[in-house]
Amino acid sequence: MNISYSWLKQYIDIDLSVAEVARVLTSIGLEVESVESVEKIKGGLKGFVIGEVKTCEKHPDADKLSVTTVDTGGESLLSIVCGAPNVAAGQHVVVATEGTTVYKGDESFKIKKAKLRGVLSEGMICAEDEIGIGSSHDGIMVLPGEAPIGMAAEKYFNVEAETMFVIGLTPNRIDSASHFGVARDLAAYLGKEISVHLKKPDISVFAIENQSYPVEVVIENPRACPRYAGVTVSGVTVEPSPKWLQERLLSIGMNPVNNVVDITNFVLHELGQPLHAFDADELNGKKIIVKNLPEGTPFVTLDGVERKLSADDLMICDNKRPVAIGGVFGGLHSGVTANTRNIFIESAYFNPVSVRQTSKRHGLNTDASFRFERGVDPENTLVALKRCALLVKEIAGGTISSPVVDIYPEPLKPVDIRLNYAQADKLIGKKIERSLIRTILLSLDFVITGEDPEGFDLRAPLYRVDVTREADIIEEILRIYGYNNVELSGTLHSSLSYSPRPDKEKLTEMISEFYSSNGFSEIMNNSLSCSAYYDQLDTFPPDRLVRIINPLSNELNVMRQTLLFGGLETIQHNMNRQRPNLRLFELGNCYYFDSGKGAQQPLHKYSESFFAALWLTGKKHDPSWVSSGDSKGFYELKGHLQNGLARLGISLNKAEVKPLDGKKDLYAGGLTYYMNNKPFAELCMVKPSVLKAFDIKADVFYAQLYWENLMKVRGDHRVTYAELPKFPEVRRDLSLLLDDSLAFESIRELAFLTENKLLKRIDLFDIYQGEQVGAGKKSYAVCFILQDEQTTLTDERIDRIMKKIIDACTKELGAVIR
């Protein structure tokens, strides 16, 4: 939001520096993101000076040119060739000196020394339109004789750049979305120490001059339009706005249109109340009906686009047709044009939810919708209407030719709040004088309905839609009092806290640090997703989606059921920017809806679960002359998953492994790991058809951790430390011939059952199947690592242990030692 400093000072008497105002605004919650300079005249008249024409003679080789000498206050006179018919000796003129940039509309050129028909010209004597203070080009601009020679034109014409504060307005502070709103907050802050007078626009002279052009108003949907007011002004002349009004709008970055439209925009940015002016002669039956129209009704807006209306869109209609989308945008055929003579000015309060839904549905973001959807002041409706009508009468002429129509069947009720001094002292951390609290609250338009030694009974102004609780009142006191005025206490208060084990937050941070240190990049995708991703899915059915009632867009209209799609969007984004080799991980919630639950408690239909996910795609490393760069694969991801779980104290070797059950609509295959009959990890390859939908041409491997189940599996796991053994490990290798149906896991489990004290590790380093071992057989090459931490193992002990293992494998597994 843009605020002009000179405009702001129309409502509050202050003489603070720009830096000080920016500091104060930021301290009271209106963060000044930048301070910008806005030129009233393009280029600011830099390089233009006042000069006197000393001589003027006809050009020897051109009848329409004159050769002049001009005194601009320099060491020597300038020779300037001029084509204006009215140039003459003795005139005081505006001169563009060498190097000056001259702007004419959107075009510009720089003044250089040049010969015109053989005569040197060292500058240019300017007309009004060439310096930007008028539109005449009939001849050069002649100044009064007392204009000081050599004075900079910017100083002579008093051309000062406007200072504009760019405020990052938070959604809850719509009360300050105007110059008067900002002035009100400034006055409250400054009024703590000095008397500050806040000047509101005067509408006391408003009077109805006749009733020759009444317009009837009917509200058929009072829920969406609680208040609607209007008045007619007849006999207006639509033309360009006066200079002061154009400069006001230009100072905040708005382009003037015509006097009537500019007045409505001026009042909007002055008081924060959106207005709309209709060509009253285009209103059929001299009637306004506020209602909804059937689904699919066509309507052409001011931008010339035909839009299909929703049955939920609130429309402003006349007797025959819609003329505007309520609180959002006007219609093409009822707007103010150069031929307009009678106008009907609308000032209303529209339901914020209704306006927001319509605005997002049609993709129309206007100054009006910005304010209506956040909640304007319903008590400001008539003030803004009368202010606008008076300005129209003053600038565009005409008479106020109808009674003020004001339909407000059920006035909105302000919120009553109790403020306790003790709670204020506790939250602020300091005891503020009670008289100062009273002063602050009154300056912010809070009404004190009761007072006792314990605190106040307050009534919040209707325009403070964000103030509904005692904590909100205390925040208002604190921001005006000043956060920096609350001293740091010399006392440190702390308490012992108990966190349950396992500590979810600690483990989340641990796994994040682990994967970050192993070459993975953490991604944080939006919890909002696109419903189209879930169409036709059985794994994540559409009827389990948590749908957003008022979505920002169709691409963000549901809560995600899986982290997978967000990761694929990230992979697509990076691949499109020549970054195909990716290792990604994410930690986040997924959300679900179950219509079968919550018969008594509707919120029980909704649930969320926390997941961790990994993605691998592309090559292990960039190709080089040493290696072509192998592609990432399933087993590489399994290794990363296994290492991450080991960091958490969980061994995949102890888990039950099953092929991925179902989910064939998303995955080409994979594994699910179980403990205590609960899945805690999945490892899979994303289905090519899913990748094609994201325009991903490389394989993508995906792993997912069910965090809640993982915490139960881990339990109260504690990391223990032991001294490194002083005695060496011993390795023995066996080649075992087994039936093809037996897995290596069978050997590992049996070996540890046979010897669980000295056997430390078992590794598989080769598998062979072929003619030499026979059909239905395979050979496992297995190494066994033995170690005694108290003494060195002798050959006799090693042989006894290995014999026990061999005998067990022979008896239990039918193994043959090769």
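In what sense do β27 and strand β28 pair, and over how many bridges? In this predicted model, β27 and β28 (residues 455–459) pair in the antiparallel sense, and five bridges join them. One of the residue pairings can be named, since V447 has R459 in β28 as its bridge partner. The two strands belong to an open sheet of three strands, in which the order is β26-β28-β27 and the pairing is antiparallel. The edge strands of this sheet are β26 (416–420) and β27 (447–452), each of which pairs on one side only. From one strand to the next, the twist averages 20°.

Two helices accompany this sheet. Helix α11 (residues 421–428) lies across β26, β27 and β28, and runs at about 70° to β26. Helix α12 (residues 434–443) also packs on the sheet, where it touches β26, β27 and β28, and the direction of α12 makes about 0° with that of β28.

A parallel arrangement is found elsewhere in the chain, where strand β14 (residues 216–219) and strand β17 (residues 287–292) run parallel and are joined by four bridges. Within this pair, V218 of β14 has I289 in β17 as its bridge partner. The two faces of β14 can be told apart by their covering, for V217 and I219 make up a covered face, whereas E216 and V218 make up an uncovered one. In a regular strand, side chains alternate between the two faces of the sheet.

Helix α7 (residues 259–271) offers a simple check of helical geometry: at 1.5 Å a residue, its 13 residues should span 18 Å, and because the C-alpha atoms at its ends are 18 Å apart, the expectation and the model agree. The helix is mostly covered, with twelve of its 13 residues buried; among them are V260, I263, F266 and L268, together with the residues D262, H269 and E270. At the start of α7, a side-chain oxygen of N258 reaches to within 3.2 Å of the backbone nitrogen of V260, while the residue that follows the helix, G272, has a positive phi near 85°.

Further along the chain, strand β35 (residues 667–675) and strand β36 (residues 678–686) pair in the antiparallel sense over eight bridges, and G669 has M685 in β36 as its bridge partner. Two residues lie between the strands of this hairpin, in which N676 takes a positive phi near 55°. Strand β36 also pairs with strand β37 (residues 700–706), again in the antiparallel sense, over five bridges, and here E682 stands opposite Q704 in β37.

The axes of helix α14 (residues 504–517) and helix α18 (residues 707–714) come within 12 Å and cross at roughly 105°, which means that α14 is roughly perpendicular to α18. At the meeting of the two helices, K504, L507, T508 and I511 from α14 face W707, E708, M711 and R714 from α18.

A final site centres on S779, which is found in strand β40 (residues 777–786). The relative accessibility of S779 is 5%, and this residue therefore counts as buried, the cut-off being under 20%. The side chain of S779 makes a polar contact of 3.1 Å with the side chain of S735, and another polar contact, also given as 3.1 Å, with the side chain of R818. When neighbours within four places in sequence are left aside, the residues in contact with S779 include L736, L737, D766, I767, Y768 and V773, as well as S735 and R818.

Key. Residues numbered from 1 in each chain as written. Predicted model: local features only at pLDDT ≥ 70, side-chain atom pairs only at ≥ 80, totals over all residues. Heavy atoms only, no water. Buried < 20%, exposed > 50% of the residue type's maximum accessible area, 1.4 Å probe, protein only. Pairing = 2+ DSSP bridges. Expected span 1.5 Å × (residues − 1). Polar contact = N/O pair within 3.5 Å; in protein donor to acceptor, adjacent residues only side chain to side chain. Axes fitted to C-alpha atoms, helices over the stretch in contact; angles between N-to-C directions. Contact = heavy atoms within 4.5 Å. Parallel < 35°, antiparallel > 145°, perpendicular 65-115°, else oblique.
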